[in-house]
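Biologist: Could you take me through the sheets of this model, strand by strand? I would love a close look at how the strands are ordered and what packs on them.

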Amino acid sequence: MSFRNIRPLHILWQDGIADEVINHVNSGIVGILSWAEVLGEILPMHFVQRRQKNWLENGLLAPYQSLDWHIELARSNSKLAGHLNSTSLLNSLRENPTCTTDPRYELVVVNEPLHWHDTSLRKVGGIGRQEQGAVITAHRDLSADRWSEKTQRKKELEFPLSIQMFVMHELGHVFGLFTKGTAKENPSDDELRQSHCLNECVMYWRDDHELNKKIERQPFCPSCLKQLRNYFLEPETIIIDVDDTL
Ligand SMILES: [Zn+2]
Ligand SMILES: [Zn+2]
């Protein structure tokens, strides 16, 4: 088997994220890499906040020297109070000069809510950009005044699977699935649905617990699975048909 698009996957997370959350993130990573059959090829590397020696200069965050700096920039570029601008975050990560000297995929986990981009206030659980990386949020609004205790408990139980599926979905975009999105700046829910997989699949357009439970053991539909595997295979070895029993 000869592979292409092989690079390490750098995993970074905002200060204060619990180890337990990172365990769920890791489950999602192992999940997608296993389904893509590149678990032994793509090396996941944990960088925490990637703070370099000079990350603080006179008490200020130095450009590109830590994840903290990228997050602060995404916060100052936010168009929605209390949210980070997720596209700004992906942009500044891409502009990091070390992306050229040290090519990698990146997955960033934050614990603040995200909105989409400069001209969209849509709240998102994550975003992914082909060949570059993804950002997901572990933030869930579980405040008791908003949800009943029962709903709160239910949401807590759904959280681990939801995080795993978010990781697989956004990395799915990074690894070539449904990368075109819509041509619109602010697509409707229906347009977003149309630019995703319509099957029972982790590439469905939104997080849905019933669906997640149903596809837990087999997250990718046959069509997405074939595309996902082909992203990593040299053209002469691409799969024409994926076994239907998968
Ligand atoms: Zn998506
Ligand atoms: Zn699919």
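Modeller: Happy to; here is a walk through the sheets and then the helices beside them. Keep in mind that this is a predicted model.

Let's begin with the five-stranded sheet, which is open, has mixed pairing and follows the order β2-β1-β6-β10-β9. Its edges are taken by β2 (44–48) and β9 (126–129); each has a single partner strand, so one side of each is left without a neighbour in the sheet. From one strand to the next, the twist averages 15°. At the β9 end, that strand runs antiparallel to β10 (residues 133–137), and four bridges join the two. Within this pairing, isoleucine 127 stands opposite valine 135 in β10.

Two helices pack on this sheet. Helix α1 (residues 19–35) touches β1 (9–13), β2 and β6 (105–110), and its direction makes about 160° with that of β1. Helix α3 (residues 86–95) touches β6, β9 and β10, with its direction at about 140° to that of β10. Strand β6 is thus touched by α1 and by α3.

Now for the three-stranded sheet. This one is also open and mixed in its pairing, with the order β5-β7-β8. Here β5 (84–85) and β8 (120–124) are the edge strands, each pairing on one side only. Strand β5 pairs with β7 (residues 114–117) in the parallel sense, over two bridges. If you want a residue to look for there, asparagine 85 has histidine 115 in β7 as its bridge partner.

Key: Residues are numbered from 1 along each chain as its sequence is written. Chains are lettered from A and ligands numbered from 1 in the order in which they are written. This is a predicted model: local features need pLDDT of at least 70, side-chain atom pairs count only at pLDDT 80 or more; totals for chains, interfaces and linings use all residues. Two strands pair if DSSP finds at least two bridges between them. Axes are lines fitted to C-alpha atoms, for helices over the stretch in contact, and angles run from 0 to 180 degrees between N-to-C directions. Two residues are in contact if their C-beta atoms, placed from the backbone, lie within 7 Å.
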